[in-house]
Amino acid sequence: MGKVIAIANQKGGVGKTTTAVNLAASMAATKRKVLLIDLDPQGNATMGSGVDKYAVHASAYELLVEEKPFAEVVVKETAGGYHLIAANSDVTAAEVRLLNVFARELRLRNALKDARQHYDFIFIDCPPALNMLTVNAMAAADSVLVPMQCEYYALEGLTALMDTINQLTSVVNADLKIEGILRTMYDPRNRLANDVSEQLKQHFGDKVYRAVIPRNVRLAEAPSFGTPVMYYDKGSTGAKAYLALAGEILRRADKKTVKTSTPA
């Protein structure tokens with residue numbers, strides 16, 4: 001069964017979509033079978049995957065609201081070598097339509113029941129808000145990966161997000177865990193960034209990834225070419241950072257597998 005990881009932060013502009021696209025591509029490059037689900041109505045992860053959000057035959061709307069079969073909604077050809085559930089402005093309407101649906105927070109979980117067995121990893125790019133789409137992502141996910149900048153206000157946002165996750169575990173998904181905290185747009189020359197980074201390590205320990213995503217021009221440029229950074233400039237620091245993150249996630253997963261399979 002594939003692992004489902006929601007990539008979420010209620011604060012916008014923290015590199016959430018950049019992380020979703022480039023982590024999915026990095027995992028696919030390691031020969032893992034990967035699905036990326038774009039739940040943000042802006043459709044940036046869709047466009048960043050080399051897929052025209054205005055031309056897709058179906059999106060997350062059809063999956064969640066019309067309950068179309070997964071096979072009819074998935075896009076199998078992307079610039080990153082992974083499969084995609086696209087998003088566009090239709091997904092905005094999905095949130096409204098879901099309000100009047102029974103078990104509305106479980107629509108995505110139910111839609112992925114059969115799909116999980118076909119993938120090693122499923123990443124969900126959540127919108128930067130706690131809405132019905134994000135709740136669906138949290139209900140479907142095994143864990144949450146939190147990208148964040150190392151700045152003062154980001155710490156406050158992280159506290160609010162942790163409170164939200166705790167509330168959701170008691171309501172829609174008792175097994176939901178924190179996958180990890182990813183430091184993005186990191187500049188080691190910035191004293192505040194280093195101070196916040198140390199605070200994160202003190203509070204969250206090994207939940208903070210050792211891999212750090214730097215500020216990198218190539219990371220910012222790649223989406224305009226509709227491709228993950230590793231296919232835009234594989235030698236860039238941004239591409240190397242996301243490959244390092246993928247490797248770290250795989251090593252952690254291997255360690256957990258060894259622990260659970262070791263007899264008591």
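This is a short walk through the empty spaces of the structure and a few of its residues. The model is predicted.

Start with the pockets. Rolling a probe the size of a water molecule over the atoms shows where empty space is left. The largest pocket holds about 470 Å³ of space. Its lining is made up of 29 residues. Look for Gly15, Lys16, Thr17, Thr18 and Met185, which lie nearest the centre of this pocket. Several elements give two or more residues to the lining. They are helix H1 (16–29), helix H2 (44–48), strand E6 (177–186), strand E7 (208–214) and helix H10 (217–221). Which element gives the largest share of this lining? H1 does, with five residues. The lining of the largest pocket is mixed in kind: 13 residues are nonpolar, 12 are polar and four are charged.

Now turn to the second largest pocket. Its volume is about 380 Å³. Here 11 residues form the lining. Nearest the centre of this pocket are Asp206, Glu248, Arg251, Arg252 and Lys255. Strand E7 appears again, for E7 and helix H12 (237–261) each supply at least two lining residues. H12 gives the most, with six residues. How many residues of this lining are charged? The count is 10 charged, with one nonpolar and no polar.

Next, go inside. A cavity is a space where the probe fits but cannot get out. How many cavities of 30 Å³ or more are there? The count comes to one. The largest cavity has a volume of about 40 Å³. Trace its lining on the model: Ala8, Asn9, Gln10, Cys126, Pro127, Ala129, Thr134, Met138 and Leu161. Six of the lining residues are nonpolar, three are polar and none is charged.

One of those lining residues, Cys126, leads to the cysteines. Is Cys126 buried or exposed? Its relative accessible area is 0%, so Cys126 is buried. Cys150 has a relative accessible area of 9%, so Cys150 is buried too. Do not look for a disulfide here. A search of the whole structure finds zero disulfides.

Arg107 is worth a stop. This residue lies in helix H6, which covers residues 107–111. Is Arg107 buried or exposed? Buried means under 20% relative accessible area. Arg107 has 13% relative accessibility, so Arg107 counts as buried. What lies around Arg107? Set aside its neighbours within four places in sequence, and Arg107 is in contact with Leu64, Val65, Glu67, Leu98, Val101 and Asn136. Take Leu64 from that list. A polar atom of the Arg107 side chain lies 2.6 Å from the backbone oxygen of Leu64.

Finish with Glu198. Find Glu198 in helix H9, residues 191–204. Its relative accessibility is 41%, so Glu198 counts as partly exposed. Partly exposed sits between the two limits, under 20% for buried and over 50% for exposed. Now go from Glu198 back to Ala129, which lines the largest cavity. Along the chain, Glu198 and Ala129 are 69 residues apart. In space, their C-alpha atoms are separated by 27 Å.

Definitions and conventions. Residues are numbered from 1 along each chain as its sequence is written. This is a predicted model: local features need pLDDT of at least 70, side-chain atom pairs count only at pLDDT 80 or more; totals for chains, interfaces and linings use all residues. Side-chain values use heavy atoms; hydrogens and water are left out. On a 1 Å grid over the protein atoms alone, a cavity is a set of points where a 1.4 Å probe fits but cannot get out, and a pocket is an open set with protein on both sides within 12 Å along at least five of seven lines; lining residues have an atom within 4 Å of a point. Grid points are joined across faces, edges and corners, and a volume is the space filled by probe spheres set on the points. Ala, Val, Leu, Ile, Met, Phe, Trp, Tyr, Cys and Pro count as nonpolar, Asp, Glu, Lys and Arg as charged, and the others, Gly among them, as polar. A disulfide is a pair of cysteine sulfur atoms within 2.5 Å. Buried means under 20% relative accessible area, exposed over 50%, partly exposed in between (1.4 Å probe, protein chains only). Helices (H or I, at least four residues) and strands (E, at least two) are DSSP runs, numbered from the N terminus. A polar contact is a pair of N or O atoms within 3.5 Å; within protein, one must be able to donate a hydrogen and the other to accept it, and residues adjacent in sequence count only if both atoms are side-chain atoms. Contact means heavy atoms within 4.5 Å.
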